[in-house]
Amino acid sequence: MSFLCSDVSDVLRTLETAGVNFLWHPSLSQVSGAEAIEILEGCANGTVPLDILCLEGAVLCGPSGSGRFHVLSGTGIPTMNWVRRLAERASHVIAIGSCAAYGGMSSAGVNPTDACGLQYHGEKLGGLLGASWHDPSGLPVINVSGCPVHPAWVVETLLALALGDFGPAELDQLGRPRFYADQLVHHGCPRNEFYEFKASASKASDLGCLMENLGCKATQAHADCNIRLWNVSGSCLRGGYACINCTAPGFEEPGHEFARTPKIAGIPIALPVDMPKAWFVALAALSKSATPRRVRENAAVERMVVPPAVRVSRK
Amino acid sequence: MTRIVVGPFSRVEGDLEVTLEVEDGAVREARVSSQLFRGFERILIGKIPLDALAVVPRICGICSVSQSSAVARALAGAAGLEPPKNGRTAGNLMLAAENMADHLTHFYLFFMPDFARPAYSQRHWYPLVRQRFEAMRGSGGVEALASRARFLELVAILGGKWPHTLAIQPGGSSRAVQRAERVQLLLVLREFRKFLEKTLFGDQLERIAGLGSLAALAGWRDARPAADSDFRLFLEVAGDLEIEKLGRGPDTFMSYGAYDDGDRPHFAAGVFEGEVHPLEQGAIREDGSHAWLQEGAPRHPAEGLTQPAPDKSGAYTWCKAPRLGGKVVEVGALARQVVDGHPLARQLVASGGGNVFSRVLARLLELALVVPAMERWVSTFQPGEPFCLPGEIPDGAVSFGLVEAARGSLGHWLTVGEGRIRGYQIVAPTTWNFSPRDGEGRCGPLEQALVGTPVGGRLGEVLVQHVVRSFDPCMVCTVH
């Protein structure tokens with residue numbers, strides 16, 4: 001459904017003109033029931049060419065490896081088995097969302113259904129298809145992770161594949177397309193000035209930086225959410241709440257309260273990627289001591305109380 | 001008798017299978033089956049209560065704000081928090097935006113494409129319907145998708161993104177609306193209104209919302225040709241095929257009350273059976289007798305359990321059967337409007353009960369009723385007043401949160417002990433509508449609505465598809 005928020009006008013036609021035709025989409029296709037099964041069976045037995053298999057949702061392997069927690073309606077066959085057959089025939093396989101990629105929220109807590117991703121179980125390679133699986137072109141499963149995914153991540157991955165412009169070098173070490181995963185959510189964050197001065201929010205709806213107290217992982221999370229923006233103009237940070245690193249395997253079990261930053265001796269345990277701890281501590285202390293009054297006061301309120309000064313040049 | 005298994009269903013959210021016993025060309029018995037079990041209620045056990053805010057919306061990519069609203073309300077109850085007026089208004093706007101986007105998606109992408117099937121190629125309206133509504137190609141669907149994408153910016157401004165905002169908090173909303181942003185919100189609403197008035201209705205929203213009787217509706221329809229708007233085209237198709245004779249439900253309607261206005265909801269809560277009765281939340285029981293879940297007497301959701309038993313004999317779905325005081329009830333836009341007392345909704349139900357026509361009409365009516373209300377809500381924001389209040393969840397609490405999602409009544413029941421979630425039960429709208437038989441053998445609403453539906457011949461199972469989709473099911477939420 002997130003995909004349907006694409007800002008590409010008439011996104012289905014745009015994909016079609018690039019050569020991407022939907023054989024079957026559960027939310028959009030005309031055909032149901034027997035006709036739909038016929039298409040899936042045709043793909044699975046090789047009589048209908050399948051260029052790209054997109055899977056949304058985790059693979060449910062339980063109970064006891066039977067896959068019966070998710071049976072494909074009308075077929076009596078576990079979806080897990082359908083996916084395995086279809087993946088063997090597909091030229092490329094895309095996991096849409098963190099559940100299909102790594103297991104995601106479906107595998108949280110006691111993982112009641114033995115949920116896993118197509119080629120990962122959390123951070124571990126494996127999953128349904130196994131660590132060594134690759135498509136005929138040599139690509140592993142493409143993990144368009146995120147919970148939800150940004151519609152443009154899906155559209156651009158599909159288009160790049162259709163254009164033949166997508167090789168193993170386009171993926172990061174967790175199988176995510178680098179065009180979005182080589183960015184950090186921190187890039188383009190509108191709270192950057194609060195971050196620089198460590199002027200922190202202490203409760204939901206405060207304007208300050210969410211890293212020190214409210215669990216924000218934008219400095220560690222791989223995605224372009226604050227550059228590309230969501231639904232025309234939004235992002236988690238713009239909505240006033242922490243980045244929970246939803247493109248990463250295991251985001252569903254952070255090991256601490258989602259909206260509270262775990263700390264040791266007042267220092268957040270998880271520091272910005274590529275940043276040595278000593279430098280972070282030193283810079284944080286320095287910037288805190290240098291925080292302008294405006295930034296400090298605005299950080300702890302819902303709306304700006306001190307606007308930036310206007311400089312008028314006097315001649 | 002012949003048995004037909006229908007599935008997978010496209011253009012419904014999630015996995016649905018329906019088994020039909022057909023005799024003399026009509027459905028004699030139906031069994032509705034949810035084929036996916038993820039166990040969110042088990043995933044939540046042992047978690048820190050506030051973490052449910054991040055977990056629960058991820059049940060569903062289409063009802064995400066509804067799930068957020070229900071969990072925030074349950075946590076607010078546990079914390080004894082009352083969100084301030086601004087926070088409540090922001091929450092109402094986000095929920096309404098999701099609900100209206102869903103109504104639009106249902107009409108253009110899920111329901112109407114069935115009339116563009118070749119089975120109807122001889123009807124006089126077919127060429128136009130095909131041009132507007134053919135699945136994945138119709139011009140109406142393309143226009144609706146563009147309008148929907150633009151409209152959901154409302155949630156981006158108020159809550160960062162859709163789906164899965166974390167802005168909806170027990171104490172209100174994490175995103176205070178600044179003075180100038182009220183204009184941005186109104187702009188988004190104006191654009192959506194423009195699409196609805198020009199393309200969907202071909203008339204002012206207030207005129208549609210004011211249609212107070214079946215006679216007024218017929219008069220309005222006949223004033224201009226069917227090609228004038230998508231709504232008129234729908235009325236033409238509906239009249240020609242007499243879809244009001246399809247899919248009669250149990251005719252007991254329930255609403256938890258929609259959009260929290262502080263003292264009372266914008267649309268009233270209650271149960272309608274010829275007249276409105278008060279809603280008794282305590283009278284809800286979930287019956288698992290035909291679900292692949294361990295046996296036990298029906299339980300109130302506050303004491304509910306979810307323990308898989310995949311080999312249980314006599315079971316045919318993962319879905320429990322919720323009942324209200326033992327009754328099978330229908331939920332959704334029609335139920336909301338009937339309970340609230342909209343005169344057209346009341347007449348529709350008086351003349352033909354819950355059916356394919358009245359369910360779809362009620363959704364369109366809600367678009368015309370709610371969008372103007374949203375415009376008014378935006379103007380009530382008080383910049384300078386708080387949006388969110390801090391609060392603590394106590395180490396022990398019993399609470400619940402009830403909201404109206406697009407598809408109907410959604411409830412979460414929460415038990416906290418020693419600072420952790422000890423019990424979490426979710427009863428979603430489609431859990432009500434697509435429930436299986438209960439221990440007394442009473443069929444769920446869709447199971448009842450399918451009985452008598454003609455099957456076979458030139459139309460095949462198309463009429464079954466109309467009945468199923470008239471409920472706008474969300475199977476992902478149903479079992480969760």
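Colleague: Which residue just after α17(B) takes a positive phi?
Modeller: B:D472, with a phi of about 50 degrees. Residues are numbered from 1 along each chain as its sequence is written, with chains lettered from A and ligands numbered from 1 in the order written. This is a predicted model, where local features need pLDDT of at least 70, side-chain atom pairs count only at pLDDT 80 or more, and totals for chains, interfaces and linings use all residues.

Colleague: How do you call a helix or a strand?
Modeller: Both are DSSP runs, numbered from the N terminus. Helices are H or I with at least four residues, and strands are E with at least two.

Colleague: Is helix α17 of chain B mostly covered or mostly uncovered?
Modeller: Mostly covered. Helix α17(B) spans residues 462-470, and eight of its nine residues are buried. Buried is 20 or more other C-beta atoms within 10 Å of a residue's own, exposed is 12 or fewer, partly exposed is in between, and C-beta atoms are placed from the backbone.

Colleague: Which residues of α17(B) are buried?
Modeller: B:L463, B:V464, B:Q465, B:H466, B:V467, B:V468, B:R469 and B:S470.

Colleague: What do the buried residues of α17(B) pack against?
Modeller: Two strands and three helices of chain B: β1 (2-6), β2 (16-23), α4 (85-111), α14 (356-379) and α16 (445-450).

Colleague: Switching to helix pairs. At what angle do the axes of α6 and α8 of chain B cross?
Modeller: Roughly 160 degrees, and the axes come within 9 Å. Helix α6(B) is residues 139-151 and helix α8(B) is 181-201. Axes are lines fitted to C-alpha atoms, for helices over the stretch in contact, and angles run from 0 to 180 degrees between N-to-C directions. So α6(B) is roughly antiparallel to α8(B). The bins are under 35 degrees for roughly parallel, over 145 for roughly antiparallel, 65 to 115 for roughly perpendicular, and oblique for the rest.

Colleague: Which residues make that contact?
Modeller: On α6(B), B:E143, B:S147, B:R150 and B:F151. On α8(B), B:V188, B:E191, B:F192, B:F195 and B:T199. Contact is C-beta atoms, placed from the backbone, within 7 Å. By class there are four nonpolar, two polar and three charged residues. Ala, Val, Leu, Ile, Met, Phe, Trp, Tyr, Cys and Pro count as nonpolar, Asp, Glu, Lys and Arg as charged, and the others, Gly among them, as polar.

Colleague: And in chain A, how do α2(A) and α3 pack?
Modeller: At an angle of about 55 degrees, with axes 7 Å apart. Helix α3(A) is residues 79-89. That makes α2(A) oblique to α3(A). A:L40, A:C43 and A:A44 of α2(A) meet A:W82, A:R85, A:L86 and A:R89 of α3(A). Five of these residues are nonpolar, none polar and two charged.

Colleague: Zooming out. Into which domains is chain A divided?
Modeller: Domain 1 (2-181) and domain 2 (183-302). The bounds come from an automatic or database domain assignment. Their C-alpha centres lie 32 Å apart.

Colleague: How many residues of domain 1 of chain A are in contact with domain 2?
Modeller: 20, against 15 residues of domain 2. On the domain 1 side, α4 (98-102) and α6 (178-181) of chain A each give two or more residues.

Colleague: Last one: how many residues does each chain put into the contact of A with B?
Modeller: Chain A gives 56 and chain B gives 68. On chain A, α2 (33-45) and β3 (71-72) each supply at least two residues. That side has 27 nonpolar, 21 polar and eight charged residues.
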